[in-house]
Amino acid sequence: MDNLYQRLDLNLLRVFDVLMHCRNVTRAAEQLNLSQSTVSHALARLRQALDDPLFVMTRKEMRPTQRALALAAPVRQSLMLLEQGIRQSASFDPAVSARTFRLAVPSSIEHGAVPLLVELLHQRAPACRLAVTELVHSDYEDTLSRGGMDFVVAFASGDHLSPRLKVEPWFDNAMVCLSAAGSDLPIRLSAEQLVSWSHVSTSTWGHNQTLVENWLKKKGLERPIAVWVPSFEALPKLLATGRYLAMVPELIARDFCHFYPLQQHQLSEPLRSTYVLAQHPLTEFDPALIWFRQLLNEVGDSLRPSP
C-alpha cells in the first residue's frame, strides 16, 4: 500500500470513473476513445493495485463491488475538481468561445424563456450553442457532476433535486387563467368561477397544475378536467372552441394572448409558481458557467411582469 498512489495514475482513475458510469468495457472504450484491450488492461492494473475485482460480470452488466462503490464518489469528485481547476486557469471569452451550454427545463420555460435566452446568447456569444432537454423526475446529481448538464431549471415545490446540489430561486411567475377572446368572463376570477368551467390540463410533469389543484382543494373545490395534454402546443386551438379554460404561468399567457384570440384572467387570490436554478457545487466557479448564470438571471429578470 505504500506506493499505491504512484501506481494509480490519472488515466487509471479516469477509466475507473467511466466504467462506474457505463458498466461495460466496450462502451467505456468508446467513450474514452481507447481500444477495448487498453481499457481491459487498465482495469487489470486497477484490480492489482487495489487488490479487489472492482467489477464483477453478470448477465447484463459489470456490477461494482463494495470497494468500487466506496471509491466512486471520491474519484468522481477528484476528477471534477481537477477539471474545474484547469477550466479556471483559462479565462472565458464569450465573443470567441464555441462552448455548448446544456440545460434541462420544464415545458413552460422551454416555451416562455428559451427563445429569450437563445437571442441573448446569439448577441453576446455567437459561436456558443445551447442544448435544451426536458425536465424529468431525476435528482440530477450524477448528470450535473459529470458535466452532462450545466444547469437544471426546476420547480421549488418539486422536491426531487439532490440536496447536494446548489439550488437558488430564479424567478416567480403568477398562475393565470386563459379563455377564448369574448368569453365574457371577468378579468379577476374567484375559485368558484374557475371550477364552473371545464378545463384543459397542460402538463406531463404536473407541478404548476398541482399548485392549482392544491389551492382549490383547500377550498373544498375541484376543477372538472375535460382534456389532458402533454404540452402547450394544442392549447390555443382547444381554447378557441370557447368550451374550456386553462391555468398556465403568466409567461405563457402573455405570449398566447399576443399571438392568438385568447384573453387572460387573474385569480382573486395570488397563486405563484417559483422556478429554481440547480447546479453542482463542483462547477460553481467555472468562469463560463458564472457568465451563463448571469445570462440566465437576465432572462429571469425580463420575465417578471411590470408592476
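K219 is partly exposed, with a relative accessible area of 33%, in a structure that is a predicted model. The side chain of K219 meets that of E269 in a salt bridge, with 2.5 Å from N to O, and E269 is itself partly exposed at 34% relative accessibility. Because E269 lies in the loop between strand 11 (262-267) and strand 12, while K219 lies in the loop between helix 10 (207-217) and strand 9 (225-229), the pair ties together parts that are 50 residues apart in sequence.

Salt bridges that share partners also join R14, D17, R76, D142 and R146 into one network, and a search of the whole structure finds 15 salt bridges. Several of these pairs are set out below.

| Salt bridge | Closest N to O distance |
|---|---|
| E269 and K219 | 2.5 Å |
| R146 and D142 | 3.0 Å |
| D17 and R146 | 3.4 Å |
| D17 and R14 | 3.6 Å |

Within the network, D17 and R14 both belong to helix 2, where they stand three residues apart, about one turn of the helix. D17 counts as buried, at 2% relative accessibility, whereas R14 is partly exposed, with a relative accessible area of 34%. R146, which is partly exposed at 25%, forms salt bridges with D17 and with D142, and D142 is likewise partly exposed, at 37% relative accessibility.

The domain assignment divides the protein chain into domain 1 (4-89), domain 2 (100-171 + 282-303) and domain 3 (172-274). The C-alpha centres of domain 1 and domain 2 lie 29 Å apart, and the contact between these two domains takes 10 residues from domain 1 and eight residues from domain 2. About 880 Å² of area is buried between domain 1 and domain 2, with carbon and sulfur atoms giving 54% of that area.

Across this interface the rule finds one salt bridge, and two residue pairs are in polar contact between the two domains. On the side of domain 1 that touches domain 2, the elements giving two or more residues are helix 2 (10-22) and helix 5 (66-88), and the largest share, seven residues, comes from helix 5. The residues of that side divide into three nonpolar, four polar and three charged.

A further polar contact concerns D286, which is placed in the loop between strand 12 (272-279) and helix 13 (287-303). D286 is buried, with a relative accessible area of 3%, and its side chain makes a polar contact with the side chain of R99, at 3.2 Å.

How values were computed:
Residues are numbered from 1 along each chain as its sequence is written. This is a predicted model: local features need pLDDT of at least 70, side-chain atom pairs count only at pLDDT 80 or more; totals for chains, interfaces and linings use all residues. Side-chain values use heavy atoms; hydrogens and water are left out. Helices (H or I, at least four residues) and strands (E, at least two) are DSSP runs, numbered from the N terminus. Buried means under 20% relative accessible area, exposed over 50%, partly exposed in between (1.4 Å probe, protein chains only). A polar contact is a pair of N or O atoms within 3.5 Å; within protein, one must be able to donate a hydrogen and the other to accept it, and residues adjacent in sequence count only if both atoms are side-chain atoms. Domain bounds come from an automatic or database domain assignment. Contact means heavy atoms within 4.5 Å. Buried area is the accessible area (1.4 Å probe) that two parts lose on being put together, summed over both. A salt bridge is a side-chain nitrogen of Lys or Arg within 4 Å of a carboxyl oxygen of Asp or Glu. Ala, Val, Leu, Ile, Met, Phe, Trp, Tyr, Cys and Pro count as nonpolar, Asp, Glu, Lys and Arg as charged, and the others, Gly among them, as polar.
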